[in-house]
Amino acid sequence: MDKADLKAEADKALEKAYSPYSNFKVGAAILTESGNLYTGCNVENVSYGLTICAERTAITQAVAKEGPGMKLREVFVANRNENGVSIPCSPCGACRQFIAEFATQETRVHYAGKSGDVTKSVSDLLPDGFTF
Ligand code: THU
């Protein structure tokens, strides 16, 4: 599965978003080291702070299926605003920390930047992140 395929999966996943409060749909598609694909979308809540981002719904599914050894190879995050338009949007801080938990030095994260899609390593996204 190449980057374009992963993007298509993220675009498909965002259609399932439950986002009545922000009207902002996010989809995440992840490819694991085992070669499996998982997708997720944001799931909001009337108690706003309980909202779960797309990246984290995808990663929790991957761990639930593959177990604690799951490692991320590629992550693609796609979005649509209330007008159905993709805007520049990088993973939030909480999701960067969550991605880092299951990343390797080779893990790459793709998302919509200001002039086209951006690809970053996890250490670029979360330099000096928290760890024990
Ligand atoms: N959101 C994500 O799903 N991923 C991110 O990395 C940033 C934000 C969602 C959460 C909320 O449902 C909506 O986008 C607006 O913040």
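I'm counting a polar contact as a pair of N or O atoms within 3.5 Å; within protein, one must be able to donate a hydrogen and the other to accept it, and residues adjacent in sequence count only if both atoms are side-chain atoms. The model is predicted, so to speak for the record: local features need pLDDT of at least 70, side-chain atom pairs count only at pLDDT 80 or more, and totals for chains, interfaces and linings use all residues. Residues are numbered from 1 along each chain as its sequence is written, and side-chain values use heavy atoms, with hydrogens and water left out.

Ligand first. I found a ligand oxygen 2.9 Å from a polar backbone atom of Cys92. Another check put a ligand oxygen 3.0 Å from a polar backbone atom of Ala54, and next door in my notes, Glu55 has a side-chain N or O atom 2.7 Å from a ligand oxygen. The protein covers 78% of the 380 Å² of accessible area that the ligand has on its own (Shrake-Rupley, 1.4 Å probe).

Then I listed the neighbours, meaning residues with a heavy atom within 4 Å of the ligand. Among them are Ser22, Phe24, Asn42, Glu44 and Pro91. I sorted the shell into six nonpolar, three polar and two charged residues (Ala, Val, Leu, Ile, Met, Phe, Trp, Tyr, Cys and Pro are nonpolar, Asp, Glu, Lys and Arg charged, the others, Gly among them, polar).
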